[in-house]
Amino acid sequence: MTQAEIWGRRVMFAVLSLVVAIPLVNMRRLMTDGLPVGLERGEINYAYVIGMFFSVLLILVWYYAYVGRNRARVMLGIVYLLTTSVTVVVPLTLMFMGTTLPASWPISIALAATYGLAGWVLLVSSNIKAFQYYQKQIRAAAQ
């Protein structure tokens with residue numbers, strides 16, 4: 001493996017740990033603190049829905065990056081970056097316009113930005129591309 005391929009593999013595992021860690025933290029909070037008030041009253045908690053969407057989409061981008069499918073990775077990566085941008089920019093704009101957001105929103109914005117950064121890395125990193133090329137060579141040699 002070349003140095004770029006090694007760094008690509010390291011980045012892939014770092015993003016995978018992010019994909020696993022954030023839902024585990026949410027589950028831990030759910031188990032220790034109980035259901036959020038909005039969910040107890042039957043209201044839809046948009047933050048959980050958005051978080052699950054990001055988790056599933058990031059897992060798909062990660063998978064396609066890992067197996068070396070460029071078109072699927074790029075398409076999902078662009079959708080992922082656009083939706084992340086909207087969920088980060090809209091609340092920030094509302095906050096700067098003087099709208100009072102719930103106390104948890106700054107943390108949610110930071111998490112969405114972190115997820116967005118992970119998606120950006122999977123989309124444009126030359127190390128990821130080198131790792132994908134390595135994965136394709138390994139699969140071709142096995143056949």
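A nonpolar core is a set of buried Ala, Val, Leu, Ile, Met, Phe, Trp, Tyr and Cys residues joined through side-chain atoms within 4.5 Å. Buried means under 20% relative accessible area, exposed means over 50%, and partly exposed lies in between (1.4 Å probe, protein chains only). The legends below concern a predicted model, in which local features need pLDDT of at least 70 and side-chain atom pairs count only at pLDDT 80 or more, while totals for chains, interfaces and linings use all residues. Residues are numbered from 1 along each chain as its sequence is written, and side-chain values use heavy atoms, with hydrogens and water left out.

**View 1. The whole chain has six helices and zero strands.** Helices (H or I, at least four residues) and strands (E, at least two) are DSSP runs, numbered from the N terminus. Along the sequence the pattern reads α-α-α-α-α-α. Of the 143 residues in the protein chain, 28% are buried. Contact means heavy atoms within 4.5 Å. Among contacts between residues at least 6 apart in sequence, 75% join residues at least 24 apart. The predictor's confidence in each residue is its pLDDT, from 0 to 100. The mean pLDDT of the chain is 76, and 87% of its residues reach 70 or more. Among the elements, helix H2 (residues 37–40) has the lowest mean pLDDT, 58, and H6 the highest, 81.

**View 2. The largest nonpolar core has 24 residues.** Those with the most contacts inside this core are Met12, Val15, Leu58, Tyr80, Tyr115, Leu122 and Ile128. Two or more core residues come from each of helix H1 (3–33), helix H3 (46–67), helix H4 (70–96), helix H5 (105–124) and helix H6 (126–142). Leaving aside neighbours within four places in sequence, Tyr115 is in contact with Leu18, Val19, Ile22, Pro23, Phe54, Ser55, Leu58 and Tyr80.

**View 3. Helices H4 and H5 both have buried residues.** The expected span of a helix is 1.5 Å times one less than its number of residues. H4 has 27 residues and reaches 38 Å from its first C-alpha to its last, close to the expected 39 Å. The buried residues in H4 are Ala72, Arg73, Leu76, Gly77, Tyr80, Leu81, Thr84, Val88 and Pro91. Just after H4, Gly98 takes a positive phi of about 100°. H5 has 20 residues and reaches 28 Å between its end C-alpha atoms, close to the 28 Å expected. In H5 the buried residues include Ile109, Ala112, Tyr115 and Leu122.

**View 4. Phe131 and Tyr134 form an aromatic pair in helix H6.** Rings of Phe, Tyr and Trp (its six-membered ring) pair if their centres lie within 6.5 Å; planes under 30 degrees apart count as stacked, over 60 as edge-to-face and the rest as tilted. The structure holds one such pair. Its centres are 6.4 Å apart with 35° between the planes, so the pair is tilted. The two residues are three apart in the helix, about one turn. An α-helix has 3.6 residues a turn, so residues three or four places apart point the same way. Phe131 is buried, with a relative accessible area of 2%, whereas Tyr134 is partly exposed at 21%. The 17 residues of H6 should span 24 Å, and the 25 Å between its end C-alpha atoms agrees.

**View 5. Gln132 of helix H6 touches residues that include Gly68 and Arg69.** Gln132 is buried, with a relative accessible area of 2%. Not counting residues up to four places away in sequence, Gln132 touches Tyr64, Ala65, Gly68, Arg69, Asn70 and Arg73. Gly68 lies in the loop between H3 and H4 and counts as buried at 6% relative accessibility. With the same exclusion of sequence neighbours, Gly68 touches Gln132 and Lys136. The C-alpha atoms of Gly68 and Gln135 are 67 residues apart along the chain but separated by 6.4 Å. Arg69 is also found in the loop between H3 and H4, and its contacts beyond four places in sequence are Tyr64 and Gln132. The C-alpha atoms of Arg69 and Lys136, again 67 residues apart, are separated by 8.9 Å.

**View 6. Arg10 lies over the face of Trp7.** A charge sits over a ring if NZ of Lys or CZ of Arg is within 6 Å of the ring centre and within 35 degrees of the ring normal. Here Arg10 is at 4.8 Å from the ring centre of Trp7.
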